[in-house]
Amino acid sequence: MKPWETLESANVPDVGELTLVRRGDEFVLRVRGQTLMSSRMHGSEEALAKAGCEELASRGTGRVLVGGLGFGYTVRAVLDAVGPGVQVTVAELLPTVVSWNRGPHLAPLAGAPLEDKRVCVVEADVSRVMAHNPQTFDTILLDVDNGPTALTHPDNQGLYGLPGLSNAARALRSGGTLGVWSAGPAPGFERRLEKCGFTVEVLHPRAHGTKGPRHVLFIARLGKGRR
């Protein structure tokens, strides 16, 4: 078996060592030596975009906020699902990840979604972006860390608690959709969403098409007139 090749590395304040490695055609992002994502498993991210943008796909206009850039697969799937009149804001906390996604190793993976004119990248915590943009987005997709559980950084917990979900609800327009990706089951999370005014559908797509482990998607729709 071929050894892993280190392509990029950076020591990120408050996060630790971030490393991009490759073996064959597979790319992996590691945080402090722990695998955060792999280029071979992005089917569930694409399913998140498709389910979260279902209404926008038929409307052709609107605004989407994607929290967490990763390898760009979620953003690419949003762009492919919606029309030319939809604007997509990507909130990524780590400038290093944004830089790598614009570079020669990662940009080709998802077809260089950051070069699309519909995309605006904000290097900031998605919680702050939501807090500063009330009643702005039709769809918010959160693919931050490993979801509500199995977090690699404890500070991300606040995003998935009641205050964080209420923050998301306020950033949505009436009838908007919040989509949340999770690496596995998240006991109590569905109830938290309901407390914030959402009606929730739970999906279990495969990580890679019809193969790989099943991830969990929470597709939460805000009732008309509720924030």
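The exercises below work through a predicted model, each with its solution.

**Exercise 1. The seven-stranded sheet**

Task: Find the order of the strands in the open sheet of 7 strands, and state which strands stand at its edges.

Solution:
- Step 1. Reading across the sheet gives the order β7-β6-β5-β8-β9-β13-β10, and the pairing is mixed.
- Step 2. β7 (119–122) and β10 have a single partner strand each, so they stand at the edges, and one side of each is left without a neighbour in the sheet.
- Step 3. On average, neighbouring strands of this sheet are turned by 15 degrees against each other, direction ignored.
- Step 4. For one pair in detail, take β5 (residues 61–67) and β6 (residues 85–91): they pair in the parallel sense over 7 bridges. Within this pair, L65 has T89 of β6 as its bridge partner.

**Exercise 2. Helices on the sheet**

Task: State which strands α3 lies across, and which strands helix α7 touches.

Solution:
- Step 1. α3 lies across β5, β6, β7 and β8 (137–142). Its direction is at about 170 degrees to β5.
- Step 2. Helix α7 (residues 162–171) also packs on the sheet, where it touches β8, β9 (172–182), β10 and β13 (216–222). The direction of α7 makes about 140 degrees with that of β9.

**Exercise 3. The four-stranded sheet**

Task: Describe the pairing in the open sheet formed by 4 strands, and name its edge strands.

Solution:
- Step 1. The order is β1-β2-β3-β4, with antiparallel pairing.
- Step 2. β1 (5–12) and β4 are the edge strands, each pairing on one side only.
- Step 3. From one strand to the next, the twist averages 20 degrees.
- Step 4. Strand β2 (residues 16–23) and β3 run antiparallel and are joined by 6 bridges. L20 stands opposite L29 in β3.

**Exercise 4. T74 and helix α1**

Task: Decide whether T74 is buried or exposed, and list the residues that T74 touches beyond four places in sequence.

Solution:
- Step 1. T74 belongs to helix α3 (residues 73–81).
- Step 2. Buried means under 20% relative accessible area. T74 has a relative accessible area of 2%, so it is buried.
- Step 3. Not counting residues up to four places away in sequence, T74 touches E45, L48, A49, V66, L141 and D143.
- Step 4. In helix α1 (residues 43–52), 7 of the 10 residues are buried. Among the buried residues of α1 are E45, L48 and A49.

**Exercise 5. F198 and R221**

Task: Give the exposure class of F198 and of R221, then list the contacts of F198 and of R221.

Solution:
- Step 1. F198 lies in strand β10 (residues 198–203), and R221 lies in strand β13.
- Step 2. F198 is buried because its relative accessible area is 4%. R221, with a relative accessible area of 25%, is partly exposed.
- Step 3. Neighbours within four places in sequence left aside, F198 is in contact with L165, A169, L172, L178, L193, A220, R221 and L222.
- Step 4. On the same basis, R221 is in contact with A51, E54, G176, T177, G197, F198, T199 and E201.
- Step 5. For distances along the chain and in space, the C-alpha atoms of R221 and L56 are 13 Å apart, with the two residues 165 residues apart along the chain. F198 and R128 are 70 residues apart along the chain, and their C-alpha atoms are separated by 21 Å.

**Exercise 6. The largest pocket**

Task: State the volume of the largest pocket and describe its lining.

Solution:
- Step 1. The volume is about 900 Å³.
- Step 2. The largest pocket is lined by 41 residues, of which L36, M37, D143, V144 and D145 are the closest to its centre.
- Step 3. β3 (26–31), β4 (34–38), α3 and α5 (126–131) each supply at least two lining residues. β4 gives the most, with 4 residues.
- Step 4. By type, the lining residues divide into 20 nonpolar, 14 polar and 7 charged.

**Exercise 7. Positive phi angles**

Task: Locate D14 and Q135, and give the phi of D14 and of Q135.

Solution:
- Step 1. Most residues other than glycine have a negative phi.
- Step 2. D14, in the loop between β1 and β2, has a positive phi of about 70 degrees although it is not a glycine. D14 counts as exposed, at 71% relative accessibility.
- Step 3. Q135, in the loop between α5 and β8, is not a glycine either, and has a positive phi of about 50 degrees. Q135 counts as partly exposed, at 45% relative accessibility.

Notes: Residues are numbered from 1 along each chain as its sequence is written. This is a predicted model: local features need pLDDT of at least 70, side-chain atom pairs count only at pLDDT 80 or more; totals for chains, interfaces and linings use all residues. Side-chain values use heavy atoms; hydrogens and water are left out. Buried means under 20% relative accessible area, exposed over 50%, partly exposed in between (1.4 Å probe, protein chains only). Contact means heavy atoms within 4.5 Å. On a 1 Å grid over the protein atoms alone, a cavity is a set of points where a 1.4 Å probe fits but cannot get out, and a pocket is an open set with protein on both sides within 12 Å along at least five of seven lines; lining residues have an atom within 4 Å of a point. Grid points are joined across faces, edges and corners, and a volume is the space filled by probe spheres set on the points. Ala, Val, Leu, Ile, Met, Phe, Trp, Tyr, Cys and Pro count as nonpolar, Asp, Glu, Lys and Arg as charged, and the others, Gly among them, as polar. Two strands pair if DSSP finds at least two bridges between them. Axes are lines fitted to C-alpha atoms, for helices over the stretch in contact, and angles run from 0 to 180 degrees between N-to-C directions.
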